[in-house]
Amino acid sequence: CASNQLLNCPISCDLGGICPLEELCDVTHKYGGITFVDEVHAVGLYGAHGAGIGERDGVMHKIDIISGTLGESVSQSCLAHRLRLVFEGKKM
């Protein structure tokens, strides 16, 4: 049984690049596949509600399965917020 499944992590943890998620979803669905997107590095950082790259790019309706964790991105988000406060000269 052949499987047409795309497993994708939209953010490269090594380089920080962001994939063309909508295009990947469109190609996967064109060939009858399902999309499984791992938002582990994007949850809490991207999108109006922190749901990740899919939310940021407005393609949540094109993603069949979304995976993520709060362990990496939320700690990164908190760190980024604290650094921003430090650079702005505000007390935490």
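## Thr-28 in helix H1

In this predicted model, where local features need pLDDT of at least 70, side-chain atom pairs count only at pLDDT 80 or more, and totals for chains, interfaces and linings use all residues, the side chain of Thr-28 reaches the backbone oxygen of Leu-24 at 2.7 Å. Residues are numbered from 1 along each chain as its sequence is written, and side-chain values use heavy atoms, with hydrogens and water left out. The cut-off for a polar contact is a pair of N or O atoms within 3.5 Å; within protein, one of the two must be able to donate a hydrogen and the other to accept it, and residues adjacent in sequence count only if both atoms are side-chain atoms.

Thr-28 is found in helix H1, residues 21-30, where helices (H or I, at least four residues) and strands (E, at least two) are DSSP runs numbered from the N terminus. Thr-28 counts as buried because its relative accessibility is 11%, given that buried means under 20% relative accessible area, exposed over 50%, and partly exposed in between, with a 1.4 Å probe and protein chains only.

## Salt bridges and Lys-62

The structure holds three salt bridges, each defined as a side-chain nitrogen of Lys or Arg within 4 Å of a carboxyl oxygen of Asp or Glu. Lys-62 forms one of them with Glu-22, the closest N and O atoms being 2.8 Å apart; Lys-62 lies in the loop between helix H2 (53-56) and S3 and Glu-22 in helix H1, so this pair ties together parts that are 40 residues apart in sequence. Lys-62 also forms a salt bridge with Asp-26, again with the closest N and O atoms 2.8 Å apart, and because Asp-26 lies in helix H1 while Lys-62 lies in the loop between H2 and S3, that pair joins parts 36 residues apart in sequence. Glu-22, Asp-26 and Lys-62 are thus linked in a network of salt bridges.

Within this network, Lys-62 counts as buried at 16% relative accessibility, whereas Glu-22 is partly exposed at 39% and Asp-26 is partly exposed at 36%. With residues up to four places away in sequence not counted, Lys-62 touches Glu-22, Cys-25, Asp-26, His-29 and Thr-35, a contact being heavy atoms within 4.5 Å. Elsewhere, Asp-57 forms a salt bridge with Arg-56, the closest N and O atoms being 2.8 Å apart; Asp-57 is partly exposed at 30% relative accessibility, and Arg-56 is partly exposed with a relative accessible area of 41%.

## Strand S2 and its partner

In a regular strand the side chains alternate between the two faces of the sheet. Along strand S2 (residues 34-38), Thr-35 and Val-37 point to one face and are buried, while Ile-34, Phe-36 and Asp-38 point to the other and are not buried. S2 pairs with strand S3 (residues 65-67) in the parallel sense over three bridges, pairing being assigned if DSSP finds at least two bridges between two strands, and Asp-38 stands opposite Ser-67 in S3.

## The chain as a whole

The secondary structure comes to three helices and three strands, and read along the sequence the chain follows the pattern β-α-β-α-β-α. Buried residues make up 27% of the 92 residues in the chain, and among contacts between residues at least 6 apart in sequence, 66% join residues at least 24 apart. The accessible surface of the chain comes to about 6000 Å², of which 58% belongs to carbon and sulfur atoms; accessible areas come from the Shrake-Rupley method with a 1.4 Å probe, and for residues only the protein chains shown count as cover.
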